[in-house]
Structure formats: structure tokens, C-alpha cells
Amino acid sequence: MTERALRLGTRRSKLAMAQSGQVAEAVRQVTGRPVELVEITTYGDTSREHLAQIGGTGVFVAALRDALLRDEVDFAVHSLKDLPTTQPDELVLAAVPRREDPRDVLIARDGLTFAGLPDGARVGTGSPRRMAQLNAYARSHGMTIQTVPIRGNIDTRIGYVHKGELDAVVLAAAGLSRIGRTDEVTDFLSVDTVLPAPGQGALAIECAARNASLAAALAELDDPFTRAAVTAERSLLAALEAGCSAPVGALADLLADGQIVKEMRLRGVVGTPDGSTLVQLSTTGPVPETETQAMALGRELAVEMLAKGAAGLMGERAL
């Protein structure tokens, strides 16, 4: 008798289907069981409101989590940057696979780079984090740009450039890579210019805590370095008491001496959307070996950022 197929809950967007399909294949290989995709429509997919107004990117996660808790699906795949920082007790983050390129990228008309944009260029992004850093970079390099809030899937966003409504849009490199459209990128933005969202480029595979055998099987897909890095980044976000739509960028990376990884560096930034004020700091410590150590690294940097005035820049309640 063949075992029943595992049901993988996914959003319906082209990107979600692509990344879920890749995870499904990996899960088939580690479990030997067939995997079927179960498409779930979330409020974030149907609402045309701006993300910040409907509760940030967590709106994409809630419907998938409800399906898990109702046993309509066995596990779900999320973009990790969409996950709220508090983990429900009934669900377990079974695996964080190896991260894709965490950078943001520019897709601009006429093959332009960010530095090559004309004065007054209209740059589309729905992210206050990107707006803050793009505007700050422009200010410090004598450029004038206009950031334009946009929403929609990857096709919609790139369409604004093709139709001539915008000079450029900013997207995540990982998403374009997963749907095979990296060739449209005109500039990969250095993390020194724009720090990505906490967890950007990483996926989260979640299942019900009661399903311990499935959680153990899924854990084979976990990448410990990626998990340590995103745990530190998300701990920073949580300690700043900022939601996923707040203008916070964070990236933890490994510092190697030759082939030997010595330390983990965590960088964080928070700023006003117009880029006039940024608090940008970093901290370095031993590579975390436990979740507690990774979270401590994030909290430590958050304390320093709050001392420099980060709370007042987030448009949320000051501490």
C-alpha cells in the first residue's frame, strides 16, 4: 500500500507556486512520499489595499496557518520575511532551507543601473524599508529620485517599467531567481546600499507541532547557518517591536578567515521613508550554535539601535 500524498499548502501566486514546487521535490526525496500542492487564497492576495494598512505581510501567512491547524494541509511553505516574529505554540518551523541571494535588485528601463538613473526618476516599491534606504543613498550621492508606492505580483510590477509608467522597480533577487527571471535585472543592489528585509531570500517550512514524525523528516532540509542568520535578523526585528511592514533592514552574514568561518556579523538599519534620517549599526560575535545565542545577537543590536533613536523612526509606538 502506498502512503497517501503529503499535502503542501501554498499561496496561488506564480512565485509561491514555484518555490513550493521546489520544496515539494525536496520533500519527496527525503520522505519517499508523493507531495501534492494545495492552493490557498489569502486575504493579502485578494485585497488591493497597501500592505502596511492590512497588517503587513503577515496577511499572507494567516490563511496557510489556519489550514495547517484545521488539518487541511500537512505542511506549508512561506517566504520567511512574511512570517510574524512570534511563533504559535501549535506550529513548528520544521526547516529553513539554504538561503537564496538576499539582495534587492533594480529592474529599470533601458538597462539603467541605480546610480545611472536620471534626476527625478520614478522608482516603484511597496516597501518603506526600501524607500528609506534608496532615498538616503540618493541624498548622499546628490541624486533626486521619487519613490512611488506600488503593489502587485512580479509581472504587475515589472509591467510598470515596460509601460513607461515608472523608470524602475525594486524587487527581491530571490523571487526573480525562483521564477527564472534574473535576466531582467539591470542592477543588483549591494547590501551596503540597501539592507534586505529580515529573512529575505529564505523560505520557512512549517507544520503542526503534533505531527512530530513529519517535522523530523522536514528537518533534513534545514540549513543551520541560514537558520542562525535569519533567527538573529528576526530577533532584531522583534526587539525593535516592529512589524513586517516597518522600515527595518537586517542581514546576518558569516565572516570567514580563509576556509574557516570565524564570526557572524549582523547589520541593521531603520529609517524614515524619505531617507532623511537613518540609524544603521552592526555587531559581530561568535557564530551562534543555539537559537538562544542567535536571538541574543539580534537583541543586542536592537538595544544599540534604540539607544540611537530607532524607535522614533518606525512610525509605530515609541518604546
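**Figure 1. The residue Glu 241, just after helix 8.** In this predicted model, Glu 241 follows directly after helix 8 and takes a positive phi of about 55 degrees. The helix that comes before Glu 241 covers residues 224-239 and has 16 residues. From its first C-alpha to its last, helix 8 reaches 22 Å, which is close to the 22 Å expected at 1.5 Å a residue.

**Figure 2. Buried residues of helix 8 and the elements they pack against.** Many positions along helix 8 can be followed in this view, and the buried ones include Thr 226, Ala 228, Val 230, Ala 232 and Glu 233. Arg 234, Ser 235, Leu 236 and Leu 237 in helix 8 are buried as well. The buried residues of this helix pack against two strands, strand 11 (248-257) and strand 12 (260-271), and also against helix 9 (291-307). An α-helix has 3.6 residues a turn, so residues three or four places apart point the same way.

**Figure 3. Thr 231 and its contacts.** Thr 231 is a residue of helix 8, and it counts as buried because its relative accessibility is 15%, while the cut-off for buried is under 20%. When neighbours within four places in sequence are left aside, Thr 231 is in contact with Glu 291, Ala 294 and Met 295.

**Figure 4. Ala 229 and its contacts.** Ala 229 also lies in helix 8, and with a relative accessibility of 6% it counts as buried. If residues up to four places away in sequence are not counted, Ala 229 touches Arg 99, Ala 252 and Met 264. The view also takes in Leu 297, which is 68 residues away from Ala 229 along the chain, although the C-alpha atoms of the two are separated by 9.8 Å.

**Figure 5. The whole protein, as a setting for the close-up views.** The protein has nine helices and 13 strands. Its radius of gyration is 19 Å, close to the 20 Å that the globule rule gives for 319 residues, so the protein is as compact as a globular protein of that length. Along the principal axes, the C-alpha trace spans about 70 × 45 × 45 Å. Buried residues make up 52% of the 319 residues, and the accessible surface comes to about 14100 Å², with 50% of it belonging to carbon and sulfur atoms. Of the contacts between residues at least 6 apart in sequence, 70% join residues at least 24 apart. The protein carries 33 positive and 40 negative charges, and the mean positions of these two groups are 3 Å apart.

Key
Residues are numbered from 1 along each chain as its sequence is written. This is a predicted model: local features need pLDDT of at least 70, side-chain atom pairs count only at pLDDT 80 or more; totals for chains, interfaces and linings use all residues. Side-chain values use heavy atoms; hydrogens and water are left out. Helices (H or I, at least four residues) and strands (E, at least two) are DSSP runs, numbered from the N terminus. The radius of gyration is taken over C-alpha atoms; the globule rule is 2.2 Å times the number of residues to the power 0.38. Buried means under 20% relative accessible area, exposed over 50%, partly exposed in between (1.4 Å probe, protein chains only). Contact means heavy atoms within 4.5 Å. Accessible areas come from the Shrake-Rupley method with a 1.4 Å probe; for residues, only the protein chains shown count as cover. Lys and Arg count as positive and Asp and Glu as negative; His and the chain ends are not counted. The place of a charge is taken as NZ of Lys, CZ of Arg, CG of Asp or CD of Glu. The expected span of a helix is 1.5 Å times one less than its number of residues.
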